[in-house]
Amino acid sequence: MTTRRLVRRLGGLAFGGDYNPEQWDKSVWEEDDELMRRAGVNLATVGVFSWALLEPKEGHFDFGWLDAHLDRLHANGIAVDLATPTASPPPWFTLAHPDALPVRSDGTKLVHGSRDTYCLAAPAYRGAARRVALALAERYGDHPAVAMWHVHNEYMTLCWCDHVAASFRVWLHTRHGSLDALNEAWGTAFWSQHYTSWDQVLPPRATQWHHNPAQALDFSRFWSDEALAAYVDQRDAIRAHSDRPVTTNLMVPGYQNLDLWAFGREVDVVTIDHYPIAPGVDAAADTAFGGDRARSFGGGRPWLLMEQGTNTVYAGDRVLAKEPGEILRHSLGHVAHGSDGALFFQWRQSRAGAEMWHSAMVPHAGADSRVFREVTALGAALGRLGELAGSTVRAEVAVLHDSDSWWAMNGDGLPSAELDYLGPLRRAHRALWDAGVTTDFARPDDDLSRYRLVLAPALFLLSDASAENLRRYVAGGGTLLVQHFSGVVDARLHARLGGYPAAPLRAALGIRVDEYRPLGSGEQVVLSDGSHGTVWSESVRLDGAEAVATYTGGMLAGGAALTRHRFGDGHGWYLSTRLDDANYAVLVDRLLAGTGVGPDLPDLPFGVEAVTRHAEDGRRWLIVLNHTADVMPLPAPGHDLLTDTTAHELPPGGCVVLSLP
Ligand code: GLA
């Protein structure tokens with residue numbers, strides 16, 4: 001898992017985007033050649049949605065058009081990230097294989113007319129996807145233009161059809177071993193759900209009231225494995241004929257059908273798509289959140305931003321434009337967090353079709369536009385940063401992040417609708433980002449010993465092994481903050497008995513929770529240190545820990561709300577409510593101070609971000625991004641690679657990349 005081969009081939013950071021020349025004619029291709037040279041593009045992702053063109057009839061391939069584009073790009077000095085087009089089966093496919101169409105949980109069968117109209121578990125689809133990947137690999141495995149393979153596009157769609165039911169049963173058999181074990185794991189003694197034969201077992205289709213949460217969790221686990229197997233099918237077909245790195249572009253925002261850690265292990269380069277979900281400083285924090293996750297999914301190695309928008313900020317029900325300068329700053333934000341380049345969806349804004357209003361490197365207005373001028377400036381900037389390629393980012397703090405807890409919290413029947421997984425995860429990362437601290441994500445069963453501080457904002461599900469791992473981490477000298485409603489169910493989604501959280505973690509935290517007190521909508525609890533909690537509160541019994549703050553009212557008055565426990569060589573902290581943002585930030589700052597973790601550049605004002613990239617040979621670069629509208633003096637002048645001058649300050653919205661002595 002590394003970008004090494006790719007950046008060596010490109011001679012520096014990657015720059016470019018999805019290129020769909022099949023939407024245009026020859027005169028536009030000629031202009032594309034010229035504009036790509038002008039912008040400094042060095043990598044184009046080709047063929048993502050071109051199945052209909054590539055295989056116009058089942059088993060009959062037309063490679064002529066693709067030969068011509070690859071040769072043209074190669075002659076123009078542009079490397080190709082060659083995609084398999086399997087995210088968009090053509091109409092002939094769905095008519096020939098109607099059983100491969102996706103079915104929603106309520107039984108509605110979807111038809112073609114959009115994209116992603118396939119079921120990953122349907123044998124006809126899987127066979128066709130493998131066939132297309134193989135045909136491409138056989139023909140282009142050694143093509144000089146091809147620098148990387150891009151399997152599929154954003155694995156994420158779900159299906160509940162009969163093929164899925166059949167695969168799910170096989171998966172369940174492997175996981176549980178027997179129907180008795182499945183009945184036990186799913187707690188089917190409740191509501192008379194006991195299964196007496198495998199064919200009674202279904203995916204969690206639409207039903208009358210709550211789904212069985214363990215069934216839903218296993219379905220999420222199964223589906224992620226199914227998607228990964230579909231990726232591996234294609235990857236292996238390609239690997240048989242090509243030695244170039246293979247990837248698939250992961251989606252990292254707020255929904256998740258996949259265990260991205262597992263994908264991180266199977267791709268040669270982690271690549272992500274990232275579109276900020278809010279403007280301004282929030283977009284920068286969101287970029288860091290996506291980038292830090294991408295880096296962590298790949299084990300800390302450099303990764304690649306496969307898609308972003310030149311002029312796209314998804315803000316709820318509308319798409320906002322980016323402010324001048326944000327194309328560069330957002331791109332450098334990704335580079336700061338470990339991306340070895342910045343690519344876009346897409347090169348040229350489509351004239352027609354479902355995404356004709358999605359921004360592009362060459363907008364409808366053409367090259368004489370602000371967007372294209374900023375794209376060209378970005379190309380030049382990335383061209384000056386080639387020496388950063390392959391360098392990495394180091395963190396001393398980790399936020400625990402795992403798919404099981406996320407999926408489990410999506411299940412029905414939790415005690416408060418305000419309990420969620422992603423909100424606390426983002427808040428923990430944001431508090432660290434606001435403090436200027438570079439953050440990794442880690443799984444609860446990872447070796448955490450290299451981190452001085454670990455935050456566990458949402459660890460609803462915790463296996464016995466992970467609970468023991470966290471106990472060991474604290475005993476060995478780590479500082480751990482566990483937040484409310486964590487460690488409360490085991491890997492089968494069975495409640496921990498005898499008090500929450502899981503016993504080894506209770507030992508590390510020196511507490512025992514004997515009752516949850518969910519708060520009403522808008523209700524607040526006031527703590528003895530003046531801070532406020534919402535959503536949740538708990539009856540926390542001290543068992544070795546000290547109360548740092550207590551509840552001041554209601555039936556919990558006087559009871560511990562925030563605790564600290566000296567355990568072995570480390571400290572276990574427990575927070576039993578959801579603190580307001582400001583007081584949560586104060587707590588995180590206190591933990592950082594206590595563990596001696598500081599920002600890459602001290603005393604940065606709010607909205608200025610600084611991250612260091614480290615090369616193996618000891619060279620270091622400090623990327624400083626000013627997300628504010630004010631001039632920001634640098635604490636010390638430094639040599640800026642972007643301008644090749646000594647920088648003393650950052651203009652409003654400005655960026656510098658300083659090579660450190
Ligand atoms: C995703 C997809 C692209 C395109 C963009 C823009 O990330 O991979 O094909 O749809 O979003 O919305």
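In this predicted model, Leu-453 has Thr-479 of strand E16 as its bridge partner, and that pairing belongs to a set of four bridges through which strand E15, residues 453-456, is joined in parallel to E16. Between these two strands the chain passes through helix H16, residues 464-475, and the resulting β-α-β crossover is right-handed.

E16 also pairs with strand E23, residues 570-575, again in the parallel sense and over five bridges; within this pairing, Leu-481 stands opposite Trp-573 of E23. The side chains of E16 divide between two directions, with Thr-479, Leu-481 and Gln-483 pointing one way and Leu-480 and Val-482 the other, yet residues of both groups are buried. Because five of the five residues of E16, which spans residues 479-483, are buried, the strand is largely enclosed by the rest of the structure.

Turning to the ligand, the residues that surround it include Phe-49, Arg-115, Asp-273, Tyr-275, Tyr-314, Phe-345 and His-358, together with Asn-153, Glu-154, Glu-307 and Glu-355. Sorted by class, this shell holds four nonpolar, two polar and five charged residues. Polar side-chain atoms approach oxygen atoms of the ligand from several of these positions: an N or O atom in the side chain of Glu-307 lies 2.5 Å from a ligand oxygen, a polar side-chain atom of Glu-355 lies 2.7 Å from one, and the corresponding distance for Asn-153 is 2.9 Å. Taken on its own, the ligand has 300 Å² of accessible area, of which the protein covers 94%.

How values were computed: Residues numbered from 1 in each chain as written. Predicted model: local features only at pLDDT ≥ 70, side-chain atom pairs only at ≥ 80, totals over all residues. Heavy atoms only, no water. Near = heavy atom within 4 Å. Polar contact = N/O pair within 3.5 Å; in protein donor to acceptor, adjacent residues only side chain to side chain. Areas by Shrake-Rupley, 256 points an atom, 1.4 Å probe, with all protein chains shown as cover. Nonpolar A, V, L, I, M, F, W, Y, C, P; charged D, E, K, R; others polar. Buried < 20%, exposed > 50% of the residue type's maximum accessible area, 1.4 Å probe, protein only. Pairing = 2+ DSSP bridges. Right-handed = clockwise from strand over helix to strand, strands pointing away.
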